[in-house]
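These are my notes from a reading of one protein model, set down in the order in which I looked things up. I begin with the strands, go on to two helices and a loop, and end with the protein as a whole.

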Amino acid sequence: MDTHRLKYFLRIAEEGSITRAAEMLGIAQPALSRQLQMLEADLGVELFRRTRRGVELTDAGERLRASTAAPLRQLDLAVKYAASPLARLKRNMLLGLPETAVDLLAAPLIGSLSAAFPNAVFSVTVGSTDHLVEAMLRGTVDVALINPVPDDRVFYRALLEEELVVVGGGQSPLQPDKPVDFEELTNWPLVIPHSPTGIGAILENAALRTKVKIGYRTSTDSIAVTKSLIAAGTAYGVLPLSACGHDVSIGRLRCAPCNPVLKQQVGVAATARLELPREFTAKIGEVLREEIAELIRSGRWPARLLAPQPWDPNVPDSSTADD
């Protein structure tokens, strides 16, 4: 099957419009429609249904997008770097990921990195921002995705910003169109992060601004434990949708916005002592950003991608999230 047709299909799915997709691809709309018709004929299924606003995926189309988006990106990377010296680099790359992002990001990221650098070995450490920062300083993690930290030993560049939501069990009264006042939330039995950075710091700062005290029942940095307690009706929590979206979609959890809106920032970090070739480090950051951008574009990661920033951990720098 012609991979160009699959790429055309994915662009139409992203844009929700054949006309807009044709403009983005720089081809005539009738030609793009013919390519789509040929793909549907090859597969024997209808991939899109027409709507007043454009087109939307059918169930078959959703399945095709889910199964082809990551492999096609990995193929592009493999071709792109096939002749590069980086593709021959043999090294154990130590990555750190926050637990909130593992379900969404781990598989596509490792797939794309493996395609770009087939001789490298990738090890993944999962933990809170504090844990990952400590691991980077010990040298047991090279590059990590973390919340911003006021630590001049860590070189940090922001990648995305995402809204936090109030999360309750499947039988809770929370509704996505009815925000919960933060002052009211602090009186509920909460499970909050043990770590003082990330969501923990955001909640503490919000409490200071509103001059209230957070009444929590349990603290843990484990997302699995947090969601288990919430699902059991033992407590409420505050999480990004990236960490609980699937549970909400199947009815295990319910969520509502918070008033005022609470947001967290996530970025890529390393230390100035990172012993990796500069070009290799830059490409890892590039692939990481591309994977996150794709997840955001597809709607699987409800977040806002931030403007690109220079990222070179091999050059000493004292930048923090307040830059």
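How many bridges join β6 to β11, and do the two strands run parallel or antiparallel? I am working from a predicted model, and in it I found 15 bridges joining β6 to β11, with the two strands running antiparallel. As one position in this pairing I noted R157, which stands opposite V268 in β11.

**Entry: other partners of β11**

I then looked up β5, which is joined to β11 by three bridges, again in the antiparallel sense. Here L145 stands opposite V268 in β11, and I had already written down V268 as the residue facing R157. Strand β7, which covers residues 180-181, pairs with β11 over two bridges, but in this case the sense is parallel. For that pairing I recorded V180, which stands opposite C258 in β11.

**Entry: the loop between β5 and β6**

Between β5 (143-146) and β6 (154-169) there is a loop, and I looked up D151 because that loop is where D151 has its place. Is D151 buried or exposed? I found a relative accessible area of 16% for D151, and because buried means under 20%, D151 counts as buried. I also noted that the side chain of D151 makes a polar contact of 2.9 Å with the side chain of R153.

**Entry: helix α8**

I turned next to helix α8, whose 12 residues run from 199 to 210, and compared its length with expectation: from first C-alpha to last it reaches 17 Å, close to the 16 Å expected at 1.5 Å a residue. The residues that I found buried in α8 are I199, G200, I202, L203, A206 and A207. Viewed down the axis of α8, these buried residues fall within an arc of 165°, so they line one face of the helix. On the other side of α8 I found L208 and R209 exposed.

What covers the buried residues of α8? I listed β6 and β11 among the elements that do so, together with α7 (182-185), β8 (190-192) and β10 (237-240). After the helix comes K211, for which I noted a positive phi, near 60°.

**Entry: helix α3**

For helix α3, residues 29-43, I made the corresponding check of length: its 15 residues should span 21 Å at 1.5 Å a residue, and its end C-alpha atoms are 21 Å apart, which agrees. Which residues of α3 are buried? My list holds L32, S33, L36, L39 and E40. They cover an arc of only 120° around the axis, so they lie on the same side of α3. On the other side of α3, I found Q37 and A41 exposed. The residue that follows α3 is G44, whose phi is positive, near 75°.

**Entry: the whole protein**

Last, I looked up the totals, beginning with the secondary structure, which comes to 11 helices and 12 strands. Of the 323 residues in the protein, 49% are buried. Among the contacts with a separation of 6 or more, I found that 76% are between residues 24 or more positions apart. The accessible surface of the protein comes to about 15900 Å², and carbon and sulfur atoms account for 52% of that surface.

Definitions and conventions
Residues numbered from 1 in each chain as written. Predicted model: local features only at pLDDT ≥ 70, side-chain atom pairs only at ≥ 80, totals over all residues. Heavy atoms only, no water. Helix = DSSP H or I, 4+ residues; strand = E, 2+ residues; numbered from the N terminus. Expected span 1.5 Å × (residues − 1). Buried < 20%, exposed > 50% of the residue type's maximum accessible area, 1.4 Å probe, protein only. Arc of directions from axis to C-beta. Contact = heavy atoms within 4.5 Å. Areas by Shrake-Rupley, 256 points an atom, 1.4 Å probe, with all protein chains shown as cover. Polar contact = N/O pair within 3.5 Å; in protein donor to acceptor, adjacent residues only side chain to side chain. Pairing = 2+ DSSP bridges.
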